[in-house]
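Okay, thanks for coming, everyone. I'll put the structure up and talk you through it, starting with the overall picture and ending with the cysteines.

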Amino acid sequence: MSKQLLLGDEAIAQAALDAGLSGVYAYPGTPSTEITEYIQAAPLTAERGIHSRWAANEKTAMEAALGMSFVGKRALVCMKHVGMNVAADCFVNSAVTGVHGGLLVLAADDPGMHSSQNEQDSRFYGDFSLIPMYEPGNQQEAYDMIYNGFEFSEQIGEPVLVRIVTRLAHSRAGVERKPQKEMNPLSFSKDPRQFILLPGNARKRYRMLLERQEEFVRASEESPYNQYIDGPDKKLGIVACGIGYNYLMENYPDGCPHPVLKIGQYPLPKKQLLRLAEECEALLILEDGQPFVEKQLKGYLGLGLTIHGRTDGTLSPDGELTPDTVACALGITCESLFTVPELVEMRPPALCDGCGHRDVYAILTEILRTEYPDHKVFSDIGCYTLGANAPFNAIHSCVDMGASITMAKGAADGGLFPSVAVVGDSTFTHSGITGLLDCVNDNSNVVIVISDNETTAMTGGQDSAGTGRIEAICAGVGVDPDHIRVVVPLKKNHEEMRRLIREEIRYPGVSVIIPRRECIQTLTRRKKANK
């Protein structure tokens, strides 16, 4: 097959297509977004009718993918690391139900928080759920793991978690493709109660999962993705996980003098680890993310072995792993080859010129600061989070998807007035609707601003699940239609916006204001396409 220059995300997407994919389910989130976009644009997707529409959130994506597996088809679920928190309910239970058609769950972690609220490490989810995991070290390995992973998932009857990081997702390398497979036919499990997790059946299936742990360890010990590479200097042994192996070899282009255990599949391969521990005086753990392997080894290998990594200060406890930090940990050099010159001024991101969120914040802050000095504005995750920066300095919280509405409710329950939430249309349908229902049930004294730019703008303009239906959703949840107010956020409408906001703040109940104007970026692209 042909060799192509692909992003890590694109290699994953192409591998899924080549492996006989029937559906990808995802919610956009950096650094995972390009996987689904690549599948959506692929000619094979239209030719075969592969499902590729965006899901409302990661939980619905995970559940729909499990449904596709139920009927024997191969499904891929994609999300960024914080999306694993949303999908966790179904993800953890899918390990107990097992799968029928191959099911791969792709979690794209973001060490260094380039576009995220935290640095959580998705490997803990795989370990917690007791299922095998893959962690590719380069783009070819990512392709191979996905291509072969569906069959592996079907063989073991379990979902498989695939964990990548930002640098792998968004860097390019040559990838050799494999022959394209046909899609699985429709079929069902031989056990009609496999997916019924009533306690009696769930206990049985959980015992089955526990009994298979040694089988999963043996699979890791025999995996081509886990390699023991001997070296003459036994004073130090190195465990290099995923992309950490690449960074190690950048520092040793002629070969590493120390024994190295390259890890690409979990659970940890017991035989290779014990060999490394027996042959070496100390171990250095290179992993991009939290000290997942390092903490396991400290209990796994017993006392008497020195283990270096993130917990003892050899590597920083936060931030990305890099070739420079690996060099420093190895004692080669601590000099960074890539530094930012002092003359370069840091420029924080800002809302686009012409963005409707600007008009929303301009009027909202004008009224609240002038008339309600004790106000608080709870916001959420999207472009409008930039309202926290100058010149607006308008918001006081941004915690997780949908938290703006429920935090505003809790603050109002505690006596805050006015309590205002600002949320985007895509975030509202992702995780805000249930919070709004709580507000309606308690008749909370909150003002909820759903700043609707008719897209998922922060991640590049993907479809928003609620486009054209926001008012109907709010009314269906129980908001009084008289207090669902729509306005176009333009300068010519500023006086109308002032009036609406003032009226709804004074109303002692649940108010929803919907400033609606298409994202300036998607509007510009659409106009160019029309020309």
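So, 55% of the 531 residues in this protein count as buried. Keep in mind that what you're looking at is a predicted model. As for the outside, the protein exposes about 22,700 Å², and 54% of that comes from carbon and sulfur atoms.

How compact is the protein for its length? On secondary structure, we have 20 helices and 18 strands. The radius of gyration comes out at 25 Å, and the globule rule gives 24 Å for 531 residues, so the protein is as compact as a globular protein of that length. If you box up the C-alpha atoms along the principal axes, you get roughly 75 × 65 × 55 Å. And on contacts: take those between residues at least 6 apart in sequence, and 78% of them join residues at least 24 apart.

Now let me zoom in on one sheet. It's an open one with five strands, in the order β8-β10-β9-β12-β13, and the pairing is mixed. At the edges sit β8, residues 227-229, and β13, residues 306-308, each pairing on one side only. On average, neighbouring strands here are turned by 20 degrees against each other, ignoring direction.

Inside that sheet, have a look at β9, residues 236-241, and β12, residues 282-286: they run parallel, with five bridges joining them. If you want a spot to click on, glycine 237 has leucine 283 in β12 as its bridge partner. For anyone who needs the reminder, strands of a sheet pair through backbone hydrogen bonds.

Then there's a helix on this sheet. Helix α11, residues 243-251, lies across β8, β9, β10 and β12, and it runs at about 130 degrees to β9.

Last bit, the cysteines. How many disulfides does the structure hold? Zero. So why doesn't cysteine 355 have one? Its closest cysteine sulfur is in cysteine 352, 6.2 Å away, and that's too far for a bond, given that the cut-off is 2.5 Å between the sulfurs. Cysteine 355 counts as buried, by the way, at 13% relative accessibility.

Cysteine 398 has a similar story: the closest cysteine sulfur belongs to cysteine 383, and at 12 Å that is too far for a bond. Is cysteine 398 buried, exposed or partly exposed? Partly exposed, with a relative accessible area of 32%.

That's what I had, so over to you.

Notes
Residues are numbered from 1 along each chain as its sequence is written. This is a predicted model: local features need pLDDT of at least 70, side-chain atom pairs count only at pLDDT 80 or more; totals for chains, interfaces and linings use all residues. Side-chain values use heavy atoms; hydrogens and water are left out. Two strands pair if DSSP finds at least two bridges between them. Helices (H or I, at least four residues) and strands (E, at least two) are DSSP runs, numbered from the N terminus. Axes are lines fitted to C-alpha atoms, for helices over the stretch in contact, and angles run from 0 to 180 degrees between N-to-C directions. Contact means heavy atoms within 4.5 Å. Buried means under 20% relative accessible area, exposed over 50%, partly exposed in between (1.4 Å probe, protein chains only). The radius of gyration is taken over C-alpha atoms; the globule rule is 2.2 Å times the number of residues to the power 0.38. Accessible areas come from the Shrake-Rupley method with a 1.4 Å probe; for residues, only the protein chains shown count as cover.
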